Each structure stands twice: as C-alpha cells, then as structure tokens.
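Q: Please take a close look at one part of this model, the place where two chains meet. Walk me through it step by step.

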Amino acid sequence: MSPAWTIVVVVGAATVALKAAGPLLLGSHRLPAGVLDATRLLAPALLAALVITQAVAGPDGLAVDERSLGLAAAVVALLLRAPMLVVIVAAAATTALARLIL
Amino acid sequence: MSTMPQTPVGPIRDERSGAEQRASLWAGVLAAVPLAVAFAGFGVAFGSLARTAGIGPVAAVVLSATAFAGSAQFAAVSVLGAGGSVAAAVAAAVLLNARYGPIGLSVAPVLGGPWWRRLVVGQLVVDESWAIANRGNGSFDRARLIGAGAVLYLAWVTSTAVGALGASVLADPRALGLDAAFPALFLALLWPQLRERRAAAVAALGAGIALVTLSFAPPGVPIVAAAAACLLGVRR
C-alpha cells in the first residue's frame, strides 16, 4: 500500500472507531453519576480549548495574528447580545479586513 | 456550591412529538449553514493540498468521509507533504482526533436505536455539530446533531472532491477570514455556559491548559489535556 493510502486507511479507521466507541459500547446504558458530571463539564473545557487552539495556535506554538482581532469582534458582538450568525460573520469579516489592510 | 440543574440519568428517550423533532432537525440544519460555507472553503483547500502532497482524489475523499475532522486531516497531509514519515502523520492525526473518544461518550446516552443507527449518527459528530447539539446541561439534542452533522458532512466531502479533482481554489479561505469563524462559533456556544460558576471555572482551566501546552506540545495534545479539566470539576 502506498504511504498515502496507508495514512488514509489508518487515520480513517481510527477516527471511525473513536467516534463509534462511546455510542456502541455504552449503548443506552446509564452513565455513573461521576462520569455524567464529567461529560457535562467536558463541554465548557473542550469549547474553551477549541477557542484557544483555533484562535491563537500556529505551526510553531502561540501565534497572535488577525484571528485575535476577529475573536475580539466576536466578544463585542456577544456582549451586544448579537445572534450567533452575526457573531461568526463579525469575526470572519474583521479578520478578512485586517488581512487586507495590515 | 452549584445550582446546576440535574441531568436526567439513564437512557434518555426523545419523548417529543415528530413535529418537534423535525423542528429540532431544521434548527440544526440552519445553525450549520454558515459553518458549511466555511467547511466548503477549507474542504476545497484540503483537496488541493492533498493533491500536492501526492494523495489522489479517491484517497482524499475517502479520508474526508471517514475521518471527517478538518484539523486532523490537514495535520496528516501537511506532515506527509513536508516529507514526514507515515507514522508521524498518523500519530498527529489520531492525537488530534482522540477527543472524539470522550465526545462520543458524552452524546451516547441520547443516541438510541439499533447499533448500526448509533454507529452512523456517531459518525456525524464533529466539534461543530456536537457544539450545536449541546443543550448546555450535559445533555444533547439528537435531531439537532443529525441536522447539523449531515449538512457539515455533505459540505466537507463534496468540497474535498472539488478540490481534489483540481478545481483551482476560487478564493483563499484565509483571505475571507473563514478560519476566524471557528473560534467565534466555539466562543458563542461557550458564552451562555459561563454564567454557571463551576462551568466557568472549568472553561478557564481548560483555556489555561491549552494556552500553556500549545507552545511546546504537538498539535492535538493541548485539546486532550484541556479536556481533562472536566475531571477536576467533578463534585466528590
């Protein structure tokens, strides 16, 4: 198998298995209270980490660039109680504008 | 200490009427549409990048259809394109997708039905569809997950094919600021949860762990390490 296909097959199979493990193994069994509590707190922990890695992570670690301005625009939109679509468009438009000008 | 509402335990059946579930499905579709535009931009870019890294169109589309996770796919292809080993490319991608273990566990209680249906719906889980389906109390809306996941899946796989078949990239997704759409989405979904003290503390801890680890750990590790923050918030 070529290197390309090896990567495709291994990464594809591993991801399908990772995504399927919880739903298949757990089925509709009930989760223990501690695990349930942890999965509930998984959302804020993971969402916060995704904000950081998507906004300020670059190929060589920390990278503060135009995306940070976009995120700042998103914060302003959220403080103004804007709907989600406006928040997302504000971030993208601000970043695009900054890249055009700076 | 906390006033967080109790999550129902055990098999959570969706007791709502068909009409209500269809409404949820559509809500998921509508929430995903702006992101589908961003997915499509990056899907075309991924397809083109795969081509330059020596991954053929069929292999690129198969990868998008099975891995369905942009960051891991970009990581694998860029490691390969930069002359890295197959093992390094696989390790980077699997590490980036390791979060789908706990994420799958978190949605499992609402995915009823026979095993094959749970398997299929489980594959529609990607950060964005998972976040859109999150009710904010630890529970998930299956219909919203399916609506959002299906839209994003179609956008991702078809745009990969377009890019892999050699359509010159119409516009650089970065020039359109589309890469900034993702952190904005995640922040918007996190925002209402910050009102609850324990969730806010865990979010701050997760962000801190990600910020510190991303300067030295390989991609993927910061997210997995930050996910562990949820364990520290569990009441004993």
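A: What follows goes from the whole interface down to one pair of helices.

This is a predicted model, in which local features need pLDDT of at least 70, side-chain atom pairs count only at pLDDT 80 or more, and totals for chains, interfaces and linings use all residues. Residues are numbered from 1 along each chain as its sequence is written, chains are lettered from A and ligands numbered from 1 in the order written, and side-chain values use heavy atoms, without hydrogens and water.

Chain A brings 64 residues to the contact and chain B brings 89. Contact means heavy atoms within 4.5 Å. Together the chains bury about 6700 Å², with 79% of it on carbon and sulfur atoms. Buried area is the accessible area (1.4 Å probe) that two parts lose on being put together, summed over both.

The interface has 1 salt bridge. A salt bridge needs a side-chain nitrogen of Lys or Arg within 4 Å of a carboxyl oxygen of Asp or Glu. A:Arg99 pairs in this way with B:Asp179, with the closest N and O atoms 2.9 Å apart.

On the side of chain A that touches chain B, α2(A) gives the most, with 23 residues. Helices here are DSSP runs (H or I, at least four residues), numbered from the N terminus. That side divides into 46 nonpolar, 12 polar and 6 charged residues.

Now the helix pair. In α4(A), A:Met84, A:Val87, A:Ile88 and A:Ala91 meet residues of α9(B), including B:Leu185 and B:Leu189. By class, this contact has 9 nonpolar, no polar and no charged residues. Ala, Val, Leu, Ile, Met, Phe, Trp, Tyr, Cys and Pro count as nonpolar, Asp, Glu, Lys and Arg as charged, and the others, Gly among them, as polar.

Methods. Helices (H or I, at least four residues) and strands (E, at least two) are DSSP runs, numbered from the N terminus.
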